[in-house]
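Please open the structure in your viewer and keep the selection tool to hand. The stops below go from single residues to helices and their contacts.

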Amino acid sequence: MDFTLSEEQEAIRDTCKEFAQQEIKPRAAAMDESGAFPYDIVHQMAELGLLGLPFPEKYGGAGADFLSYCLAIEEISRGDVSVGVTMEAHISLGTMPFYLFGSQEQKEQYLPPLVRGEQLWAFGLTEPEAGTDAGGTQTRATLENECWHINGSKAFITNAGTTMTGGVTITAVTGQRTDGHNEISNLIVPRNTPGYSIGQAYKKMGWKASDTRPLAFEDCIVPAQNILGRRGDGFKQFMHILGAGRIAIAALSVGLAQACLDEALSYAQQRKQFGRPISKFQAIQFKLADMATEIELARLMYYKAAWLHMQGKSYTREAAMAKLFASETAKRAADQAVQIHGGYGFMDEYPVSRYWRSVKINEIGEGTSEVQRMLIAKQLGC
Ligand SMILES: Cc1cc2nc3c(=O)[nH]c(=O)nc-3n(C[C@H](O)[C@H](O)[C@H](O)COP(=O)(O)OP(=O)(O)OC[C@H]3O[C@@H](n4cnc5c(N)ncnc54)[C@H](O)[C@@H]3O)c2cc1C
């Protein structure tokens, strides 16, 4: 078994680390306070090729492997998790569906500006009444005169409302299958399509500088060819997208957990009580040692899931385990990081208070911890 990263993987990780530590982290507190979307940082990431990292060069991408993409997500999220999720949602949720399921024409039309990072794209699955039960979508699309007429709404959609967003791909019920279940398809809705309205950004507890919006579709009309892949494949497509997305979210959680350890260790080495740095007390050392151990384990779990993905092997169980364990590791790390900071950890001027607020969503987005446990139990044969 060889755990060595390739030269290319190391180079991508190191470039992202340097960029995140120098350009993103120093601005994270201000971004959290204002909630403003960091266009300049996203443009810089586009210039570095990060927004098209795992896509082929023929579409303008960097042609990097899936693990390299996850390493990049870890390091960017270590700098700031709002920026990390902006990148993850753009690549895993927004752009990947075109690459995996789009027709050749759709790939040529949509991928180049997305892969070059000139545009962002969103994926709208969740609805006000259909979250975990994503197959319970109530948004409907009917085919009339070679056009889809869409009616319904979506909730909590990332990257949907920035000025550089090109559009959203949504799930909708497009008919009924012979077994009586709803037929679900994915439809491409460019921004500015009449009948498509983007709501005000939510005010959130964390991930404040990422863009999250409700969307409404009122007799929104798109051409028949705006269906992604085959009619009726929508459910299969989004399950596939969420499966791989879990590995990237695990990497994002590891990045945030590592940021908690970075801050806690550096604070513990500086803060003195009883005439000694608190890092000399065994109670603090054990907290740091446990954080480091769990983070290493969570990292190895996402590495393994990414490796399985790259080998074309099944990764459902490992991706769910990695997402579950990494998000809960990050939560424990954020909690201990605040504890190690004492009262200062409760103050906004210390990054750990922001980490503590931001970490909760990792156990909810792209499938809650309960869903991951259900998936793992199913794989066990329950
Ligand atoms: C900041 C943010 C960004 C997001 N970005 C996107 C995006 O870009 N695109 C998108 O489509 N969605 C997005 N989401 C939505 C996210 O994926 C959902 O919030 C998540 O899937 C949970 O759905 P819900 O919020 O409706 O919770 P619910 O499904 O209502 O769940 C509520 C609780 O019940 C539990 N539960 C539900 N069903 C079961 C069950 N069968 N067994 C046991 N427990 C159960 C859940 O685990 C949870 O604890 C985002 C959400 C947030 C907050």
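Select Val338, which counts as buried because its relative accessibility is 17% (buried means under 20% relative accessible area, exposed over 50% and partly exposed in between, with a 1.4 Å probe and protein chains only). Val338 lies in helix α9, where helices (H or I, at least four residues) and strands (E, at least two) are DSSP runs numbered from the N terminus. This is a predicted model, in which local features need pLDDT of at least 70 and side-chain atom pairs count only at pLDDT 80 or more, while totals for chains, interfaces and linings use all residues. Residues are numbered from 1 along each chain as its sequence is written, and side-chain values use heavy atoms, with hydrogens and water left out.

With Val338 still selected, add Gly345, Val352 and Trp356, with which Val338 is in contact once its neighbours within four places in sequence are left aside; contact means heavy atoms within 4.5 Å. Then draw a distance from the C-alpha atom of Val338 to that of Asn186, which is 152 residues away along the chain and separated from Val338 by 42 Å.

Move next to helix α11, residues 369-379, where Ser369, Val371, Gln372, Leu375 and Ile376 are buried. Viewed down the axis of α11, these buried residues fall within an arc of 160°, so they line one face of the helix; the arc is that of the directions from the helix axis to the C-beta atoms. An α-helix has 3.6 residues a turn, so residues three or four places apart point the same way. Turn to the other side of α11 and you will find Glu370, Met374 and Lys378 exposed. To see what covers the buried residues of α11, display α7 (234-270) and α9 (316-341), which are included in that cover. After α11 comes Gly381, whose phi is positive, near 100°.

Keep α7 on screen and add helix α8, residues 282-310: the axes of the two helices come within 9 Å and cross at roughly 160°. Axes here are lines fitted to C-alpha atoms, for helices over the stretch in contact, and angles run from 0 to 180 degrees between N-to-C directions. α7 and α8 are therefore roughly antiparallel to each other, on a scale where angles under 35 degrees count as roughly parallel, over 145 as roughly antiparallel, 65 to 115 as roughly perpendicular and the rest as oblique. The crossing of α7 past α8 is left-handed, a crossing being left-handed if the near helix is turned anticlockwise from the far one by less than a right angle, and right-handed if clockwise. Among the residues that make the contact are Ala244, Ile247, Leu261 and Ala268 of α7, together with Ile284, Met291, Tyr302 and His309 of α8. By class, the contact of α7 with α8 has 20 nonpolar, two polar and one charged residues, where Ala, Val, Leu, Ile, Met, Phe, Trp, Tyr, Cys and Pro count as nonpolar, Asp, Glu, Lys and Arg as charged, and the others, Gly among them, as polar.

Another helix pair to select is α1 (residues 7-24) and α3 (residues 39-47), whose axes come within 12 Å and cross at roughly 160°. That angle makes α1 roughly antiparallel to α3, and their crossing is right-handed. Phe19, Glu23 and Ile24 of α1 make the contact with Ile41, Gln44 and Met45 of α3, a set that divides into four nonpolar, one polar and one charged residues.

Go on to the loop between β1 (120-124) and β2, where Thr137 has its place. Is Thr137 buried or exposed? At 3% relative accessibility, Thr137 counts as buried. Not counting residues up to four places away in sequence, Thr137 touches Glu127, Ala130, Lys154, Thr171, Ala172, Val173 and Ile184. Arg213 is 76 residues from Thr137 in sequence and 17 Å from Thr137 in space, C-alpha to C-alpha.

Finish with two backbone details. Glu146, in the loop between β2 (140-144) and β3 (147-158), has a phi near 65°, a positive value in a residue other than glycine, and Glu146 is exposed, with a relative accessible area of 61%. Phe156 lies in strand β3 and, although not a glycine, has a positive phi of about 60°; at 55% relative accessibility, Phe156 counts as exposed.
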